[in-house]
Amino acid sequence: MYRTVVNRILLSGGSRRLPKYPDIRTVISSSRFSTTTQPQTVLNPSGSSTSSSSSTNFQTSSAAGDVPRHERNNPRAEYEGEQARVLQASLRHVIRLGWSEEAMIAGAKEVGISPSIVGSFPRKEAALVEFFMDDCLQRLIDRIDSGEELQNLTPSQRIYKLVRIRLEMQAPYISKWSQALSIQAHPLNVSTSFKQRAMLIDEIWHAAGDETYDLDWYVKRTVLGGIYSTTEIYMLTDSSPEFRDTWLFLDNRVKDAFDLKKTIQEAKYLAEAVGAGMGSSLQVFVGRVLQR
């Protein structure tokens with residue numbers, strides 16, 4: 001745990017001070033959880049704006065979850081009409097045909113649309129995976145907004161429940177999910193994949209009651225992102241009934257994270273030390289943390 005947090009923070013940029021949350025908000029022009037690769041306007045700390053493509057600009061993609069919740073639109077809005085119908089129908093063929101162009105063709109035929117429409121998706125299989133991710137996120141948001149399932153739960157219980165709800169949406173596709181992960185990891189798709197996961201983690205933290213925008217914002221989302229990703233990988237090889245071992249694994253990871261509140265505080269001090277360029281003091285601190 002310590003090594004992961006320390007490495008993530010150190011890799012964020014030498015002696016450069018980490019920017020505060022409000023200074024890196026990204027203006028998303030199309031949808032609530034926009035995952036397009038169109039140029040976007042990024043506000044820099046001086047208040048001026050610059051334009052960049054999310055496929056080549058790390059700051060734009062990494063700030064994807066920073067858009068205030070009330071400014072975000074429905075994730076499903078990116079695909080409308082016939083394209084959305086084809087993608088939705090295609091999901092029913094994934095178990096048999098995988099995350100593939102063949103599944104999309106089968107989906108088009110199912111809803112009575114010419115298979116030639118598949119050619120309108122620039123990245124085909126990636127579009128199908130990304131549609132599924134956005135659809136799952138919207139379904140999770142709908143359940144959060146209902147409020148019924150999260151009443152009287154502690155923050156750690158809320159996080160456990162929401163991560164489990166989200167991963168259960170992948171359960172029907174578990175035999176093909178390693179293929180989906182491979183598609184997401186492709187260089188052409190990794191920016192969108194990172195953005196979608198960042199927004200998922202941000203939504204879960206908001207639902208857990210976290211509204212802080214200080215340095216802890218980065219650390220907490222890094223920790224939760226690690227919990228989500230490791231549980232997702234564990235789930236791929238879990239043969240227990242109804243993924244019982246996966247949920248036990250998740251429960252233990254969440255408890256560990258909340259029991260180690262000191263980790264977050266120490267990571268905060270580390271990031272501040274990096275930003276201030278504290279030299280030998282920083283080296284002593286890193287050495288002490290990594291030895292634990």
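A residue is called buried when its relative accessible area is under 20%, exposed when that area is over 50%, and partly exposed in between (1.4 Å probe, protein chains only). Ser90 has 0% relative accessibility, so Ser90 counts as buried. Let us use this residue as a way into the structure.

**How to read the model**

The model is predicted, so local features need pLDDT of at least 70 and side-chain atom pairs count only at pLDDT 80 or more, while totals for chains, interfaces and linings use all residues. Residues are numbered from 1 along each chain as its sequence is written, and side-chain values use heavy atoms, with hydrogens and water left out.

The score pLDDT is the predictor's confidence in each residue, from 0 to 100. For this chain the mean pLDDT is 73, and 60% of the residues reach 70 or more. Over residues 1–68, pLDDT stays under 50, and the model has 143 contacts beyond four places in sequence for them. Residues 278–292 also have pLDDT under 50 throughout, with 17 contacts beyond four places in sequence. A contact here means heavy atoms within 4.5 Å.

**The chain as a whole**

The chain has 13 helices and three strands. These are DSSP runs numbered from the N terminus: helices are H or I with at least four residues, and strands are E with at least two. Of the 292 residues, 46% count as buried. Among contacts between residues at least 6 apart in sequence, 67% join residues at least 24 apart. The accessible surface comes to about 14,200 Å², and carbon and sulfur atoms account for 53% of that. Such areas come from the Shrake-Rupley method with a 1.4 Å probe; for residues, only the protein chains shown count as cover.

**Around Ser90**

Where does Ser90 lie? Ser90 is part of helix 3. This helix spans residues 81–90, and its buried residues are Ala84, Val86, Leu87, Ala89 and Ser90. Their cover includes helix 4 (94–97), helix 5 (101–110) and helix 6 (125–146).

Which residues does Ser90 touch, leaving aside neighbours within four places in sequence? They are Ala103, Met104, Gly107 and Leu128. A polar atom of the Ser90 side chain lies 3.5 Å from the backbone oxygen of Ala103.

Now look from the side of helix 5. Ala103, Met104, Ala106, Gly107 and Ala108 are the buried residues of helix 5, and they pack against helix 3, helix 4 and helix 6. Glu101 is also found in helix 5, but Glu101 is partly exposed, at 30% relative accessibility. Beyond four places in sequence, Glu101 is in contact with Val118, Lys124 and Glu125. Glu101 and Leu128 are 27 residues apart in sequence, with 8.9 Å between their C-alpha atoms. After helix 5 comes Gly112, with a positive phi near 75°.

**Aromatic rings**

A pair of aromatic rings is described by the distance of the centres and the angle of the planes. Rings of Phe, Tyr and Trp (its six-membered ring) pair if their centres lie within 6.5 Å; planes under 30 degrees apart count as stacked, over 60 as edge-to-face and the rest as tilted. The whole structure holds seven aromatic pairs. One of them joins Phe132 and Tyr173 edge-to-face, with 5.0 Å centre to centre and 70° between the planes. Phe132 lies in helix 6 and Tyr173 in the loop between helix 7 (155–168) and helix 8 (177–184), so this pair ties together parts that are 41 residues apart in sequence. Both Phe132 and Tyr173 are buried. Trp99, Phe132, Tyr173 and Trp177 form one aromatic cluster.

Charges can sit over rings too: NZ of Lys or CZ of Arg must be within 6 Å of the ring centre and within 35 degrees of the ring normal. Lys220 lies over the face of Trp205, 5.5 Å from the ring centre. The charged end of Arg253 sits over the ring of Phe249, 4.6 Å from its centre.

**Two loop residues with positive phi**

Most residues other than glycine have a negative phi. The table shows two non-glycine residues with a positive value.

| Residue | Phi | Loop | Relative accessibility |
|---|---|---|---|
| Asn152 | near 65° | between helix 6 and helix 7 | 79%, exposed |
| Glu242 | about 55° | between helix 10 (216–236) and helix 11 (244–259) | 72%, exposed |

How values were computed. Polar contact = N/O pair within 3.5 Å; in protein donor to acceptor, adjacent residues only side chain to side chain.
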